[in-house]
Amino acid sequence: MTSLPFPVERYREDFPILAQQIHGHPLAYLDTGASAQKPRAVIEAMTRFMENDYANIHRGVHELSQRATDKYEAVRSVVQNFIKAEHDDEIVFTHGATDAINLVAQTWGRTFLKAGDEIVITALEHHANIVPWQMLREAFGIDLRVVPITPEGEVRVEDVKAALSPKTKLVAFAHVSNVLGTVLPAKEIVALAHEAGALALVDGCQSISHMPVDVRDMDADFFVFSGHKLYGPTGIGVLYGKREILSRMPPWQGGGDMIASVTFAETTYKEPPHRFEAGTPPITEVIGLGAAIDYVSAIGMNNIAQHEKDILAYATEKLSRVDGMRIVGQAKNKSGIISFIMEQAHPHDIGTILDRHGVAIRAGHHCAQPLMEHLGLVATARASFGLYTSREDIDALVAAVEKVEEIFG
Ligand code: C6P
């Protein structure tokens with residue numbers, strides 16, 4: 001069966017920000033890995049909510065508060081269905097992926113870990129999946145073990161296996177590397193963690209908007225992501241946790257809305273997920289997240305994944321032909337991210353020159369300094385793709401990179 005071509009030009013019209021010139025060139029936005037642009041459906045859903053339904057939630061007896069509460073809680077089911085969780089109370093709204101990982105570290109970690117226990121991570125993790133565990137190490141004397149990566153940037157299941165021991169309590173890893181684009185074999189890694197008697201946390205920041213995610217099939221105990229990478233707003237993220245695990249975790253932050261009752265003598269807490277949502281949450285942002293999920297779901301995650309695969313292949317082929325270019329990360333299974341370095345030019349210079357040509361990429365260590373050290377690099381230039389990335393964007397990238405080669409080569 002042949003599938004219909006992906007109507008990227010039509011979808012691009014949904015993103016008002018893309019229709020602009022930067023330094024006299026059409027914008028080629030290739031920094032979706034840092035944050036995705038927002039479709040009108042998200043912008044308008046948030047505006048509509050604030051114009052018609054906005055009030056604080058879970059508190060008021062008045063109509064607006066009840067309406068806002070219903071809309072906020074309805075998004076929990078939207079997220080549940082999107083990641084195929086079993087129950088909607090397994091969806092905790094956080095401020096982002098970083099916040100979600102810290103929540104796990106500070107509640108599950110502080111409750112269930114003791115000196116000598118081990119957490120296994122990989123060499124390609126984002127700082128958000130390194131530093132919270134190091135903070136536990138400082139507080140409790142746990143150990144952190146790091147699974148190496150191959151020269152292609154892959155994580156081999158046998159290396160994960162070798163890092164596990166009876167002391168392993170958690171295996172925490174990125175579903176997709178934000179630097180190399182490597183897609184990790186999540187299901188296999190989770191299964192190995194479970195065999196070793198450990199839990200598994202999957203950092204889905206770079207997978208959630210690029211491929212279908214099924215937390216039950218993956219059997220992840222925790223899965224985290226940020227709304228802003230999924231075409232939604234900043235300030236909202238998700239912690240998925242299995243019901244049985246969340247129910248044994250104490251709250252992290254205390255305050256309004258997470259309590260069952262408070263006296264000066266004693267406080268009791270609500271059940272999850274509300275136990276973990278202290279204070280007024282990012283209400284409008286939750287509405288925006290729901291609209292973003294509706295938007296990508298209407299397009300179809302499989303269609304988005306296929307389109308980005310095509311773009312990745314096109315870009316890889318074209319960039320490989322540029323003199324002095326080295327693509328960093330050659331995994332067989334890659335998502336829409338290409339990190340590269342050039343013989344003469346520093347990645348920051350590449351980023352600046354590309355910007356003068358309207359091409360927005362990220363340059364730097366991408367919040368993965370240990371990975372950079374592992375690769376023997378200080379920085380890379382990184383182009384990252386989304387559902388709106390067109391072949392014209394890639395042509396603009398390649399033309400601008402050729403200019404860099406002319407200047408520095
Ligand atoms: N990566 C990038 O340019 P927050 O900041 O909480 O929304 O997401 C943190 C995070 C965690 N894990 C992975 C794999 C990530 O890629 C990110 C964010 C961005 O690569 C910004 S540093």
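The shell around the ligand, in this predicted model, is made up of 5 nonpolar, 7 polar and 4 charged residues. Of the 16 residues that surround the ligand, those that come nearest are Thr98, Asp203, Ser226, His228 and Arg362. To see where this shell sits in the chain, it helps to turn to the domains: domain 1, which covers 8–30 + 300–408, and domain 2, which covers 43–298, both contribute residues to the shell, and therefore the ligand lies between them.

Some of the contacts can be followed atom by atom. A polar atom in the side chain of Thr98 is placed 2.5 Å from an oxygen atom of the ligand, and a polar side-chain atom of Arg362 likewise lies 2.5 Å from an oxygen atom of the ligand. In the side chain of Asn178, an N or O atom is found 2.8 Å from an oxygen atom of the ligand. The ligand taken alone would expose 510 Å², and the protein buries 87% of that area.

We can now look at the pockets of the protein. The largest pocket holds about 340 Å³ of space, and its lining consists of 18 residues, with Leu4, Pro5, Phe6, Asn303 and His307 lying nearest its centre. Three elements each give two or more residues to this lining, namely α1 (8–12), α11 (301–320) and α14 (391–408), and the largest share, 6 residues, is supplied by α11. Sorted by class, the residues that line the largest pocket comprise 8 nonpolar, 7 polar and 3 charged ones.

Definitions and conventions: Residues are numbered from 1 along each chain as its sequence is written. This is a predicted model: local features need pLDDT of at least 70, side-chain atom pairs count only at pLDDT 80 or more; totals for chains, interfaces and linings use all residues. Side-chain values use heavy atoms; hydrogens and water are left out. On a 1 Å grid over the protein atoms alone, a cavity is a set of points where a 1.4 Å probe fits but cannot get out, and a pocket is an open set with protein on both sides within 12 Å along at least five of seven lines; lining residues have an atom within 4 Å of a point. Grid points are joined across faces, edges and corners, and a volume is the space filled by probe spheres set on the points. Helices (H or I, at least four residues) and strands (E, at least two) are DSSP runs, numbered from the N terminus. Ala, Val, Leu, Ile, Met, Phe, Trp, Tyr, Cys and Pro count as nonpolar, Asp, Glu, Lys and Arg as charged, and the others, Gly among them, as polar. A residue is near a molecule or strand if one of its heavy atoms lies within 4 Å of it. A polar contact is a pair of N or O atoms within 3.5 Å; within protein, one must be able to donate a hydrogen and the other to accept it, and residues adjacent in sequence count only if both atoms are side-chain atoms. Accessible areas come from the Shrake-Rupley method with a 1.4 Å probe; for residues, only the protein chains shown count as cover. Domain bounds come from an automatic or database domain assignment.
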